[in-house]
Amino acid sequence: MTDISYLKAMEAELLLAANIFEEGDEAIMIASPAQIILKVNKAFTKITGYSVDEAVGQKTSLLKSGKQNAAFYLQLWETLKITHYWQGELWNKRKNGEIYPQWLSIFEKCNAQHEIEHYIAVFSDITDRKTAETRIHFMAHYDALTGLANRVQLHEQINEAIEQSLDKNDSFAVMMLDLDNFKVINDSLGHSIGDELLKEVARRLLECTRIEDTVARLGGDEFVILLHDLGHYKNEAADNVAQVAEKVLHCLAQPITINNHHLHITTSIGIAINTDADTATHLIKYADNALYSAKSLGRNNYQFYSTEMNETANFRLTVENELRYALEHSQLELYYQPQVDIKTNRISSAEALLRWHHPQKGMISPAIFIPIAEKTGLIVLIGTWVMRTACLQIAEWNKLQLTHPIDYLAVNVSARQFIQQNFVELVINMINDTGINANQLEIELTEGVLIYDVDDTLKKLQTLKELGVRIAIDDFGTGYSSLSYLKRFPLNVLKIDKSFIDTVVTDTSDAVIVQTIIMLAKGLEISVIAEGVESEQQLEFLRLRECDAFQGYFCSPPVPNAAFLALLDRAKAI
Ligand code: C2E
Ligand code: CA
Ligand code: CA
């Protein structure tokens, strides 16, 4: 009798091995040293399409696609010889001729004498993974909405252009575009129309550029065009880019029809040429600086980057940093400008206007630093400071029991500040903390703020109005002037913009506009004030048309608190 439990165990193990060989998900192929196929499994048949009978006895080259060159195989065999192992990705051919990517491992099985006995190849079909990779690559490099290149791809292309321009001494340019009125269209007509518009813009940009140029979308309505082969000389390059820029402006200015909406857009363009900087990041930044100046020069035009522009940009940056400091080190102050009741000639209210006393640069105008604070978001902190200071000031005036007190103080509120979720809460807290009456406070908003998010705005304004806070529309007539909001929103005051008042006695159309705004306000029972009144004639014009109030140098410029109190002491405003 012999104990065969050892043999039984061996048999079981072999069976298991055979099972794994046969049923595994990965294709397995065993070949002789002469690369003749000896054995294959089910997964092999599934992937390659060759049955066991068709494969066994054939050379392994049966599977070759021809996509890898001789050098590839040479390297593969070299590695195998040294390490007895190779692993990597390659393309092979199925029985039906289809070429597919596979992940392949090859082992050399040697005998005790170190002679090769078998080659064992294990592989899987990685078509799915490849497709996913291609998709991921596409998503990482292209903009999903327009199919244009995205920021990543653009950077790669610019870097390539930088290298090539060094080799060939050829110029290229980075052109940054921004649609001037996209936000208005997007906000008022909805995002799906906005999207269609962006797609159409993308299409037109491709149309006005050459195939070798790159058109990219960086997000929102920001597009960049990378223009190649602009010639050897900087002037020549500038001429060529200018031509393209004009073409682009013209092309985008043609009306676009989407869902029966006829849209007119204009574009601003900033241009940097390769000699301006030597990194992609800087070129994009400089083009952006140039764009900023194109915008401030009235939009619908193009500007080249220049060193002075760089200085302006640096100034912006310095201001931004110093403004933070100013806020914390009480370099900010509120001035007060009287608002005069035209009928009674009484200072009935005032507007609080921010002043920055810079220790070196002197007084910096809010017209300069407010837009910068808007861009960086610092306006939220500054605005909170203004609101608190204004409320404290009202409280102090209340305590003084002035002989000629004003009814309310108007405070400018910027868009970015107003759209903060806790804006209303903040105002309520300050009113409560300082113990002032809500109707002693007026907030001045511009038209843009109102239509930014109509529902949210309406809710906020209604809450404020119920409390008693007054609401004024600043710079009326310069914004989108959608008349329907005048009816919907609970407004107290319209402020006719200074630009109309400037020429109200010399320009008949401005006179008509001012007169119409006054009538409009009266019809809607909203009171109306003219800002920027500097002369008797302007005031006379307003008085004849029964404008309620005015504000301007004709009475007084904005002044510090002490001077303002002196103005209030006078029996008459003017
Ligand atoms: P705004 O709200 O339209 O303010 C009116 C501007 O016109 C003020 O300029 C004022 O000094 C000026 N002004 C008033 N009357 C006359 C006049 O008769 N002739 C002339 N030539 N100018 C006159 P300022 O104080 O430089 O403010 C400029 C802008 O800065 C303001 O325009 C407002 O948009 C913004 N701003 C000022 N203070 C604040 C603030 O506390 N918060 C926010 N968010 N913005 C502010
Ligand atoms: Ca104002
Ligand atoms: Ca104004």
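## A walk through two sheets and a ligand site

Start by selecting leucine 104, which stands opposite phenylalanine 123 in β5. Before you go on, keep in mind that this is a predicted model.

**Stop 1: the hairpin.** Leave Phe123 selected and bring up the strands around it. β4 and β5 pair in the antiparallel sense, with nine bridges between them. Now follow the chain through the turn of this hairpin: five residues lie between the two strands, and histidine 114 takes a positive phi near 65°. It's worth clicking on His114 to have a look at that backbone.

**Stop 2: across to β1.** Go back to Phe123 and look to its other partner: alanine 27 stands opposite this residue of β5 too. You have now reached β1, which is joined to β5 by five bridges and runs antiparallel to it. Carry on along β1 (residues 27-31) and you'll find three bridges to β2, again antiparallel. To see one facing pair there, pick methionine 29, which stands opposite valine 40 in β2.

**Stop 3: the sheet as a whole.** Colour the five strands and read off the order, β2-β1-β5-β4-β3: an open sheet with antiparallel pairing. Which strands stand at the edges? They are β2 (37-40) and β3 (85-93); each has a single partner strand, so one side of each is left without a neighbour in the sheet. Tip the view and you can follow the twist, with neighbouring strands turned by 25° against each other on average, direction ignored.

**Stop 4: the helices on this sheet.** Next, show residues 70-83. This is helix α4, lying across β3, β4 (99-110) and β5 (116-125), at about 150° to β3. Then add residues 127-141, helix α5, which packs on the sheet and touches β3, β4 and β5. The direction of α5 makes about 130° with that of β4.

**Stop 5: a second sheet.** Hide what you have and select β7, β8, β6, β11 and β12. In that order they form an open sheet of five strands, this one with mixed pairing. The edge positions go to β7 (214-219) and β12 (302-304); each pairs with a single strand, so one side of each has no neighbour in the sheet. From one strand to the next, the twist averages 20°.

Zoom in on β6 (residues 173-179) and β8 (residues 222-227), an antiparallel pair with six bridges. Valine 174 is a handy marker, standing opposite leucine 226 in β8.

Two helices are worth adding here. Residues 191-207 make up helix α8, which lies across β6, β7 and β8 and runs at about 10° to β8. Residues 280-296 are helix α10, lying across β6, β11 (267-273) and β12, at about 140° to β11.

**Stop 6: the ligand.** Finally, centre on ligand 1 and show its surroundings. Of the 21 residues around it, which come nearest? Select Gln337, Arg355, Asp474, Glu534 and Tyr553 to see them.

Now for the polar contacts:

- Leucine 354: a backbone N or O atom lies 3.1 Å from a nitrogen atom of ligand 1.
- Aspartate 475: here a polar side-chain atom lies 3.3 Å from an oxygen atom of ligand 1.
- Tyrosine 553: a backbone N or O atom lies 2.7 Å from an oxygen atom of ligand 1.

Switch on a surface for ligand 1 and compare: taken alone, the ligand exposes 800 Å², and the protein buries 81% of that.

To see where the shell comes from, colour β14 (346-358), α12 (366-376) and β18 (470-476), each of which supplies at least two of its residues. β14 gives the most, with four residues. Recolour by class to round off the tour, and the shell around ligand 1 splits into eight nonpolar, six polar and seven charged residues.

Definitions and conventions: Residues numbered from 1 in each chain as written. Chains lettered and ligands numbered in written order. Predicted model: local features only at pLDDT ≥ 70, side-chain atom pairs only at ≥ 80, totals over all residues. Heavy atoms only, no water. Pairing = 2+ DSSP bridges. Axes fitted to C-alpha atoms, helices over the stretch in contact; angles between N-to-C directions. Contact = heavy atoms within 4.5 Å. Near = heavy atom within 4 Å. Polar contact = N/O pair within 3.5 Å; in protein donor to acceptor, adjacent residues only side chain to side chain. Areas by Shrake-Rupley, 256 points an atom, 1.4 Å probe, with all protein chains shown as cover. Nonpolar A, V, L, I, M, F, W, Y, C, P; charged D, E, K, R; others polar.
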